[in-house]
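This report describes the fold, the pockets and selected charged residues of one protein. The sequence and the structure are shown first.

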Amino acid sequence: MKIRNIALGILALTLIGGATAGADEVMQTWKGKKVRVVVNEAELDGGGIQIDGKTYLPIRALSDTLQALIKSESDTVHINKPNVHLLLFTGDRNAMKPFGNVYQGTYDFSVFVQVDNLRTRAHSIKTTVVDPQGQTVDSIVYKMTDENRENFWYATSPFKIDFKSTGQYKIKFYLKQTEDSEFELLSEKAILSMKKE
């Protein structure tokens with residue numbers, strides 16, 4: 001039983017790191033099988049492994065898919081899913097008008113972010129606009145002044161974006177827990193850019 005737990009531990013660590021060489025050996029030894037994992041109709045990179053009816057998933061890929069903060073310690077994995085709401089608007093903060101689907105062209109808009117139930121530190125936040133080809137068009141980073149807030153509101157300065165392509169542009173909101181950590185995706189909203197008729 002102890003060897004089995006060690007093997008499953010190795011499997012879990014390999015999944016966390018995204019490596020598969022050790023996972024393949026463990027699967028053969030314990031009669032496991034690779035499984036596809038689909039979340040909201042999108043396949044999770046690397047899939048998962050099923051052993052004795054239990055499914056093991058790669059944590060980093062799961063973090064972006066669930067738009068959650070995941071922190072791994074020696075014997076514990078913490079998953080924190082704060083509530084994050086994005087509102088796109090034009091005009092100043094005193095006279096906001098909702099902003100959404102657009103025809104091709106250049107537009108100014110801001111992003112209002114409401115975060116609550118944040119049970120971790122927040123060193124900095126980032127709001128990014130991504131075009132339909134997956135390229136970052138613009139990004140705004142803001143360093144938090146109070147890293148221990150559970151709830152906060154934030155409005156970006158205006159983005160000036162040329163919606164050159166038709167298709168879905170994405171507004172992505174990220175949070176960085178510490179100065180040395182990476183930005184983790186917490187929410188996204190789509191803007192459909194349509195061809196002028």
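## Overall composition

Three helices and 17 strands make up the assigned secondary structure of the protein. The coordinates come from a predicted model. Of the 197 residues in the protein, 39% are buried. Among contacts between residues at least 6 apart in sequence, 60% join residues at least 24 apart.

One such pairing of sequence-distant residues involves Tyr 103, which belongs to strand β10 (residues 102–103). Tyr 103 and Met 194 are separated by 91 residues in sequence, but their C-alpha atoms lie 4.6 Å apart in space. Leaving aside residues up to four places away in sequence, Tyr 103 touches Met 194, Lys 195 and Lys 196. The tyrosine is not fully enclosed: Tyr 103 has a relative accessibility of 41% and counts as partly exposed.

## Pockets

The largest pocket holds about 280 Å³ of space. Its lining consists of Val 39, Asn 40, Ala 42, Glu 43, Leu 44, Asp 45, Ala 61, Asp 64, Thr 65, Gln 67, Leu 185 and Glu 188. Elements β3 (42–43), α3 (59–66) and β17 (184–194) each give two or more residues to this lining. The largest share, three residues, is contributed by α3. Sorted by class, the lining of the largest pocket contains five nonpolar, three polar and four charged residues.

The second largest pocket has a volume of about 200 Å³. It is lined by Arg 60, Ser 63, Asp 64, Ile 70, Lys 71, Thr 120, Gln 177, Thr 178, Ser 181, Glu 182, Phe 183 and Glu 184. Here the elements that give two or more residues are α3 and β6 (69–72). Helix α3 again supplies the largest share, with three residues. The lining of the second largest pocket divides into two nonpolar, five polar and five charged residues. Asp 64 appears in the linings of both pockets.

## Salt bridges

Side chains of opposite charge can pair when their charged atoms come close. The structure holds five salt bridges. Among them are the three in the table.

| Residue pair | Closest N to O distance |
|---|---|
| Arg 36 and Glu 43 | 3.1 Å |
| Asp 108 and Lys 160 | 3.6 Å |
| Lys 172 and Glu 188 | 4.0 Å |

In the first row, Arg 36 counts as exposed, with 62% relative accessibility. Its partner Glu 43 is partly exposed, with a relative accessible area of 45%. Glu 43 is also one of the residues lining the largest pocket.

The second row connects distant parts of the chain. Asp 108 is located in strand β11 (residues 105–116) and Lys 160 in strand β15 (residues 159–163), and the two are 52 residues apart. Asp 108, at 42% relative accessibility, is partly exposed, whereas Lys 160, at 60%, is exposed.

For the third row, what does the salt bridge between Lys 172 and Glu 188 tie together? Lys 172 lies in strand β16 and Glu 188 in strand β17, so the pair ties together parts that are 16 residues apart in sequence. Lys 170 takes part as well, since salt bridges with shared partners join Lys 170, Lys 172 and Glu 188 into one network. Glu 188 has a relative accessible area of 28% and is partly exposed. This glutamate likewise contributes to the lining of the largest pocket.

## A buried lysine without a salt bridge

Strand β16 (residues 167–176) also contains Lys 176. Is this lysine buried or exposed, and which side chain of opposite charge is nearest? Lys 176 is buried and has no salt bridge; the nearest side chain of opposite charge is that of Asp 180, 7.1 Å away. A salt bridge requires a side-chain nitrogen of Lys or Arg within 4 Å of a carboxyl oxygen of Asp or Glu, and the separation of 7.1 Å is given for Lys 176 and Asp 180.

The surroundings of Lys 176 can also be described by its contacts. Not counting residues up to four places away in sequence, Lys 176 touches Ala 122, His 123, Ser 124, Ser 181, Glu 182 and Phe 183. Of these neighbours, Ser 181, Glu 182 and Phe 183 are among the residues that line the second largest pocket.

Key. Residues numbered from 1 in each chain as written. Predicted model: local features only at pLDDT ≥ 70, side-chain atom pairs only at ≥ 80, totals over all residues. Heavy atoms only, no water. Helix = DSSP H or I, 4+ residues; strand = E, 2+ residues; numbered from the N terminus. Buried < 20%, exposed > 50% of the residue type's maximum accessible area, 1.4 Å probe, protein only. Lys, Arg positive; Asp, Glu negative; His and termini not counted. Contact = heavy atoms within 4.5 Å. 1 Å grid on protein atoms, 1.4 Å probe; cavity = no way out; pocket = protein on both sides within 12 Å on 5 of 7 lines; lining within 4 Å. Points joined across faces, edges and corners; volume = space filled by probe spheres on them. Nonpolar A, V, L, I, M, F, W, Y, C, P; charged D, E, K, R; others polar.
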